[in-house]
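Reader: Before I rely on any label attached to this model, I would like to see each one set against its cut-off. Could you take me through them?

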Amino acid sequence: SAQHTTTVIRPCVAFIIGDGSSSLTAIAQHVRQAIEGQKNIMSAVQAYSQAFAKTVASFDPSNPTRWYFQSDALHLSILLCLLVALLCFIGSTATGNYSRVDQLWSVIPVIYAWHFALHAGLPPRAVAGATLITAWGVRLTYNFARKGGYSGEEDYRWPALREIIPNPLLWALFNFFFISIVQNVILLGIIVPVHFAARATTTPSLTLIDAIYIAAFLALLVFESIADEQQWRFQNTKYAARAAADAPGGPAVPPHFARGFLTAGLFSMSRHPNFFAEQAMWVVTAVWGAVLSGGARDVTPWLANGWGALALVALFQGSTSFTEELTLKKYSAYAKYQKTVSRLIPWVPREIKWE
C-alpha cells in the first residue's frame with residue numbers, strides 16, 4: 001500500500017544520508033510489514049471470493065426471493081454484472097455490433113441502484129439516490145434512442161478501433177476484457193455508493209449531506225441535458241442546411257455549419273460539456289457515499305465508494321482523446337477550437353477567430 005511504501009522509503013533515505021544501523025533495522029521491519037500487508041490483501045480477496053462462490057452455490061430455484069434477501073447485496077450485483085458482461089460479449093460477437101454495452105449503459109445502473117435500495121429495505125436515502133439515477137437513466141436512454149442507438153447502429157468509434165486492432169484474435173480479447181467486462185464493472189462501480197449510503201450508520205432520514213448531493217446531481221443532470229439538446233439541434237440543423245445547399249439553386253451552408261462542429265452555447269465554454277457533467281455526477285455520488293460511510297475519519301470509504309468514479313473518469317479521458325483525434329481528422333478547423341476552448345471543465349468563453 002501507499003502507507004507501507006512511504007514507511008519503507010523514509011528509512012532508506014535516512015540510511016543514505018548517514019543514520020546507518022538504526023535505519024537498516026527500520027527498513028527490514030517495514031519491508032516485513034509491507035509483505036504482511038500484501039498477504040492480508042490476498043487473504044481478504046480469497047475470503048471474499050469464497051463467500052461469493054457460496055452465495056452462487058446456495059441459489060434455491062424453489063424460493064428465489066428468500067435466496068435474494070438472504071444473500072449479500074454486493075455478491076448479487078457482481079453476479080449480475082458478470083452475467084451481463086457475458087451476454088454483451090456473446091451478443092456483440094454473434095452480430096458484429098460492438099455497441100451492446102452502449103445500449104445498456106443507461107439501463108443497468110438503474111437496476112443496480114434499485115437493487116441496492118430494495119435489499120436495504122428501501123430507506124429514504126437509498127430511494128432518493130435510486131430515483132436520481134433513474135432520472136439520469138431515462139434521459140440518457142431517450143437521448144441515445146433518438147440518435148439511433150437502438151436501431152442497430154454501431155458507435156462510430158468501434159469501427160475506427162477495429163482498424164487499429166485488425167487482428168481478429170486480439171480484437172476478440174479486447175472485446176471480452178475491455179468492452180464487455182471492464183465497462184460493465186465500471187457501471188457497477190459508479191452505483192456502489194448507493195449500497196454504502198443505504199447502510200450508513202448515521203440517521204436513516206435525509207440530512208444536509210443528502211440535500212447537497214441531490215441538488216448537485218440535479219444541477220449536473222440539467223446541465224448535461226442542455227448540452228445534449230444543443231448538440232442535437234445543431235447536428236439536425238447542420239444536415240438540413242447541407243441538404244438545402246445540395247438542391248439546385250440552394251443557399252450556401254452558413255459558416256458555423258460548414259465547420260461541422262458546435263462552438264456556441266455550453267460548447268463555447270467546454271468542448272465536451274456533456275462529458276464533464278456525466279463524470280461530475282458520478283464523482284459527487286462517490287463523495288456522497290464516502291462521507292456517509294465515515295469518510296471524515298478513514299480513507300477506506302473513499303476507496304470503496306470512489307473506485308468506480310475514478311475508473312469512469314479514466315475511461316472518459318481515453319475516450320475523449322480518441323473522439324477528438326477522429327474529429328480533427330474530419331474537420332481541420334477543430335484544431336483552432338482545441339487551442340481556444342477548455343477540453344472538459346467549463347471556462348470563460350473566448351472569442352475564436354476563424355479567419
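Author: Let us begin with burial: a residue is called buried under 20% relative accessible area, exposed over 50%, and partly exposed in between, using a 1.4 Å probe and protein chains only. The model is predicted, with local features needing pLDDT of at least 70 and side-chain atom pairs counting only at pLDDT 80 or more, while totals for chains, interfaces and linings use all residues. Residues are numbered from 1 along each chain as its sequence is written, and side-chain values use heavy atoms, with hydrogens and water left out.

Reader: Why does Phe316 count as buried?

Author: Phe316 has a relative accessibility of 12%, and the limit is under 20%, so Phe316 counts as buried.

Reader: What makes Phe275 and Phe316 an aromatic pair that is edge-to-face?

Author: Rings of Phe, Tyr and Trp (its six-membered ring) pair if their centres lie within 6.5 Å, and planes under 30 degrees apart count as stacked, over 60 as edge-to-face and the rest as tilted. Phe89 and Phe176 meet both conditions, at 5.1 Å centre to centre with 80° between the planes. Phe275 and Phe316 also form an edge-to-face pair, with 5.4 Å between centres and 70° between the planes. The latter pair links helix α13 (residues 273–292), which holds Phe275, to helix α14 (residues 300–330), which holds Phe316, 41 residues apart.

Reader: Why is Phe176 called partly exposed?

Author: Its relative accessible area is 29%, and partly exposed is the class between the buried and exposed limits, so Phe176 belongs there.

Reader: How do you know that the span of helix α4 agrees with what is expected?

Author: A helix here is a DSSP run of H or I with at least four residues, and a strand a run of E with at least two, numbered from the N terminus. The expected span is 1.5 Å times one less than the number of residues, so the 23 residues of α4 (residues 73–95) should span 33 Å, and the end C-alpha atoms are indeed 33 Å apart. The buried residues of α4 include Leu76, Cys81 and Val84, and just after this helix Gly96 takes a positive phi of about 80°.

Reader: What makes Phe267 count as buried, and which residues does Phe267 touch?

Author: At 3% relative accessibility Phe267 falls under the limit, so it counts as buried. Phe267 lies in the loop between α12 (255–258) and α13. With contact meaning heavy atoms within 4.5 Å, and not counting residues up to four places away in sequence, Phe267 touches Ala227, Gln230, Gln231, Leu262, Pro273, Tyr337 and Val341.
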